[in-house]
Amino acid sequence: MTYHVKDITLAPQGKKKIEWVQRHMPVLEYIKKQFIKEKPFEGITIGSCLHLEPKTINLGLTLQAGGAEVAMTGCNPLSTQDDATAAGADLGLNMYGWREQTTEEYYQTINQVLDHKPDIIIDDGADMIFLVHRERRELLGKIKGACEETTTGIHRLKAMHKDKALEFPVMAVNDAYTKYLFDNRYGTGQSTFDSIMGSTNMLIAGKTVVVCGYGWCGRGIAMRAQGLGANVIITEIDPIRALEARMDGYRVMKVSKAVKHADILITATGNVDIVSGDDFQYMKDGCVMANSGHFNVEINQEDLEGMSTNINNLKPDIDEYVMPDGRKLYLLAEGRLVNLAGERGQGHPAEIMDLSFAMQALSAKYLLENDLEVGVYKTLDETDRYVAELKLQAMGIEIDELTPQQEEYLEGWEHGT
Ligand SMILES: NC(=O)c1ccc[n+]([C@@H]2O[C@H](COP(=O)([O-])OP(=O)(O)OC[C@H]3O[C@@H](n4cnc5c(N)ncnc54)[C@H](O)[C@@H]3O)[C@@H](O)[C@H]2O)c1
């Protein structure tokens, strides 16, 4: 076992955090117990590129319990928790990464994981998969496939497959119901505000919060903003989602108009340059900007820097941009996904990652047990239902079952008025 972490003496503190999340991840703990019995990953190496924090380490421990040799690195240079990685290394995971890596170090540690010659990759954003295809092609023959965690990663992989550049099968874990309906919506919704409120200590009630993108993340962020008493404005490019936002009770307008109202602006589109150039001219003094999309490309920092006369770092994750007319605009966490890269960002609640990582663990097993052609695959509906059933059981919730008559009725067609 090898590791390259910030400070291995932080392990005891990290272990306490891991024990805490384990208490709140009952589905993953159940799967871990099954894996201990079945050992589905005996002789297999799994390499992951996921936000390195206690819940992810618990996924690593689950795969290890199933017999895998596990090597892990982070998928964002700012989201790693150094005590969690120390604990992971101490618990026998090959662990590479530390908070505030440079870009060069970021790719160095992805390569260190790849040096373990993984059979399966678990990625978040597709950086590791991309690196294998571009620079570590010698590994292509050994890799049986990958599981991808997030919307942006799935977009990249589908584009790769369309261009016939993808060379192994990928399970689109993000697209499982038990992932995006809960992780992207409730997870991102809550953790985005946990992080923004933790960093800024701002009151949300009475503020105007602009949410760019009304996808699964945007819906969750808007819902939480409204719940906290904010006046919410949505910007969209999709007419159906824009209409949905309107009927959910929000104002909808073009971003160029919305920026004029924003006390807080949050991007969650997975797209580039959502706020750029002139948008910064029209923002109110004091506007706080944050991004919850995967990459730090949604708020154009180059434009922001170019327009400002002065940039002051107020706190580790709050930068103040002084505009020529004296207005001050604030960017959190360097425009990286705020719920993990913010100083107080802890990512989604453990109860949420319980579902996402249960799908990851079961999808990795499925990938190993099935010879799939190259492509991007939706996870099985039966796995989704199984994970949802386990979660309901853990929550002590019972639901009804169809009676034989109801089943017959639903399947029939001769029962009109
Ligand atoms: N912060 C986190 O923890 C977290 C969790 C899950 C996903 N993500 C990331 O968040 C991003 C969004 O994910 P999602 O699942 O909500 O995706 P999604 O596809 O459901 O939603 C994205 C929405 O953005 C809209 N959009 C695209 N371009 C736009 C533009 N120029 N202006 C306004 N709206 C625009 C799309 O129409 C769509 O409705 C992705 O990058 C994803 O990887 C982050």
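Strand S5 (residues 120–123) directs Ile120 and Ile122 to one side and Ile121 and Asp123 to the other, and all of them are buried. Buried denotes under 20% relative accessible area, exposed over 50%, and partly exposed the range in between, for a 1.4 Å probe and protein chains only. Helices (H or I, at least four residues) and strands (E, at least two) are DSSP runs, numbered from the N terminus. The model is a predicted one, in which local features need pLDDT of at least 70 and side-chain atom pairs count only at pLDDT 80 or more, whereas totals for chains, interfaces and linings use all residues. Residues are numbered from 1 along each chain as its sequence is written, and side-chain values use heavy atoms, with hydrogens and water left out.

**Pairing of strands**

Strands of a sheet pair through backbone hydrogen bonds, in either the parallel or the antiparallel sense. Two strands are taken to pair if DSSP finds at least two bridges between them. The pairings are listed below, each with a pair of residues that stand opposite one another.

| Strands | Sense | Bridges | Opposite residues |
|---|---|---|---|
| S2 (residues 45–49) and S5 | parallel | 4 bridges | Ser48 and Ile122 |
| S5 and S6 (residues 145–148) | parallel | 4 bridges | Asp123 and Glu148 |
| S12 (residues 288–291) and S15 (residues 328–332) | parallel | 2 bridges | Val288 and Tyr330 |
| S13 and S14 (residues 318–322) | antiparallel | 5 bridges | Asn310 and Val322 |

S5 and S6 also belong, with helix H6 (residues 127–134), to a right-handed β-α-β unit. Right-handed here means that, with the strands pointing away from the viewer, the path from the first strand over the helix to the second runs clockwise.

An open sheet of 8 strands has mixed pairing and the order S10-S9-S8-S11-S12-S15-S14-S13. Strand S10 (251–252) and strand S13 (310–315) stand at its edges; each has a single partner strand, so one side of each lacks a neighbour in the sheet. A hairpin through 2 residues connects S13 to S14.

**Two residues in contrast**

Thr73 lies in strand S3 (residues 69–73) and counts as buried because its relative accessibility is 0%. Apart from neighbours within four places in sequence, Thr73 is in contact with Ser48, Cys49, Leu50, Leu52, Tyr96, Thr109, Ile110, Val113 and Met128, contact being defined as heavy atoms within 4.5 Å. One of these partners, Ser48, is also the residue opposite Ile122 in S5.

Leu243, in helix H10 (residues 239–247), is exposed, with a relative accessible area of 52%. Leu243 and Gln112 are separated by 131 residues in sequence and by 47 Å in space, C-alpha to C-alpha.

**The largest pocket**

The largest pocket has a volume of about 970 Å³. Of the 45 residues lining this pocket, Thr151, Cys217, Ala268, Thr269 and Gly270 are the closest to its centre. A pocket is an open set of points on a 1 Å grid over the protein atoms alone, where a 1.4 Å probe fits, with protein on both sides within 12 Å along at least five of seven lines; lining residues have an atom within 4 Å of a point. The volume is the space filled by probe spheres set on the points.

Helices H7 (151–162), H8 (177–200), H9 (216–227), H14 (338–341) and H15 (350–369) each supply at least two residues of the lining, and H8 gives the most, with 5 residues. By class, the lining holds 13 nonpolar, 22 polar and 10 charged residues. Ala, Val, Leu, Ile, Met, Phe, Trp, Tyr, Cys and Pro count as nonpolar, Asp, Glu, Lys and Arg as charged, and the others, Gly among them, as polar.
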